[in-house]
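User: I am new to reading protein models, and I would like to understand how the words used for this one are justified. Could you take me through the reasoning step by step?

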Amino acid sequence: MRSVPRHLFLPGLTLASAYADEAVALKWRGGRAISSISQPSMIAAMLEMLDVQPGSHILEIGTGSGYNAALLATLAGESERVVTVEIDDQLATEARAHLSSAGFDMVEVHVGDGRAGWPARAPYDRIIVTASTPSPEQSWVEQLAVAGRMVVPLARELQAVAYVKIGDELEQRGTSPALFIPLR
Ligand code: SAH
């Protein structure tokens with residue numbers, strides 16, 4: 001986290017705000033935030049559960065600012081191993097610019113409904129979802145490699161759950177508190 005310049009993902013904010021341990025809303029609709037860059041300590045707990053290894057091929061659902069994708073690329077050691085999907089075209093365009101300014105041009109940002117994952121680049125060693133959902137989508141399970149790990153924030157539980165894929169099934173491997181905007 002020290003090596004990824006968070007302020008480049010939050011243009012227009014003061015440095016103090018960009019580096020505070022707080023979430024920052026990125027886009028509003030009807031008085032509600034529909035995108036936000038997550039709180040660093042919450043991301044850290046989720047990344048610890050994700051257990052990215054050097055060279056891991058990773059899918060992120062919910063690009064937002066692109067900040068977490070940059071953290072994932074840093075952990076994998078190779079930006080071209082990270083694929084991220086964002087439903088909002090404008091946010092995806094901005095995320096590409098942020099990633100480029102921070103030196104992560106090779107992260108693949110796609111526009112689409114992340115509920116379908118991104119089958120073209122599957123299987124993934126790691127999948128991280130950064131918007132809440134009632135339960136993991138079957139498409140994510142299918143696109144996760146055997147023995148791969150997935151971290152998903154569950155809307156009702158207010159926690160992120162880590163899973164490992166054993167055969168065709170997910171086994172739960174831990175939780176951490178997590179509050180996220182719901183998937184659209
Ligand atoms: N990881 C981001 C924070 C994501 S906030 C960061 O580091 O900044 C959640 C994001 O998920 C929002 O940008 C929202 O637009 C996006 N989103 C919501 N529903 C989605 C869907 N169905 N597919 C893909 N992205 C979605």
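User: How do you know that α2 lies across the strands, and which strands are they?

Analyst: In this predicted model, α2 lies across β6, β7, β8 and β9, and its direction makes an angle of about 160 degrees with that of β7. Contact means heavy atoms within 4.5 Å, and the buried residues of α2 pack against β6, β7, β8 and β9, as well as against α3. Those buried residues are Pro-40, Met-42, Ile-43, Met-46, Leu-47, Met-49 and Leu-50. Just after the helix comes Asp-51, whose phi is positive, near 55 degrees.

User: What makes the sheet an open one with edges, and which strands stand there?

Analyst: The sheet has 7 strands in the order β5-β4-β3-β6-β7-β8-β9, with mixed pairing. β5 and β9 each have a single partner strand, so one side of each has no neighbour in the sheet, and these two are the edges. From one strand to the next, the twist averages 15 degrees. At the β5 end, α4 lies across β4 and β5, running at about 170 degrees to β5.

User: How do you know that β7 and β8 are paired, and in which sense?

Analyst: Two strands pair if there are at least two bridges between them, and β7 and β8 have 6 bridges, in the antiparallel sense; they therefore meet the definition of a pair. Among the bridge partners, Val-152 is matched with Val-161 and Leu-154 with Gln-159. The hairpin of these strands has 4 residues between them, and there Leu-158 takes a positive phi near 55 degrees.

User: What makes β8 and β9 a pair as well?

Analyst: The same test applies, since at least two bridges are needed and β8 and β9 have 8, again antiparallel. Ala-162 stands opposite Gly-174 in β9, and the hairpin has 2 residues between the strands, with Gly-167 in the turn at a positive phi of about 65 degrees.

User: Why is β8 called largely enclosed?

Analyst: A residue is buried when its relative accessible area is under 20%, and 6 of the 8 residues of β8 are buried, so the strand is largely enclosed by the rest of the structure.

User: What makes a set of residues a nonpolar core, and how many residues does the largest one hold?

Analyst: The members must be buried residues of certain kinds, such as Val, Leu and Phe, joined through side-chain atoms within 4.5 Å. The largest core has 34 residues, and Val-151 is one of those that touch the most other members. Among the elements supplying at least two residues are α2 and β8, while α3 gives the most, with 7.

How values were computed:
Residues are numbered from 1 along each chain as its sequence is written. This is a predicted model: local features need pLDDT of at least 70, side-chain atom pairs count only at pLDDT 80 or more; totals for chains, interfaces and linings use all residues. Side-chain values use heavy atoms; hydrogens and water are left out. Buried means under 20% relative accessible area, exposed over 50%, partly exposed in between (1.4 Å probe, protein chains only). Axes are lines fitted to C-alpha atoms, for helices over the stretch in contact, and angles run from 0 to 180 degrees between N-to-C directions.
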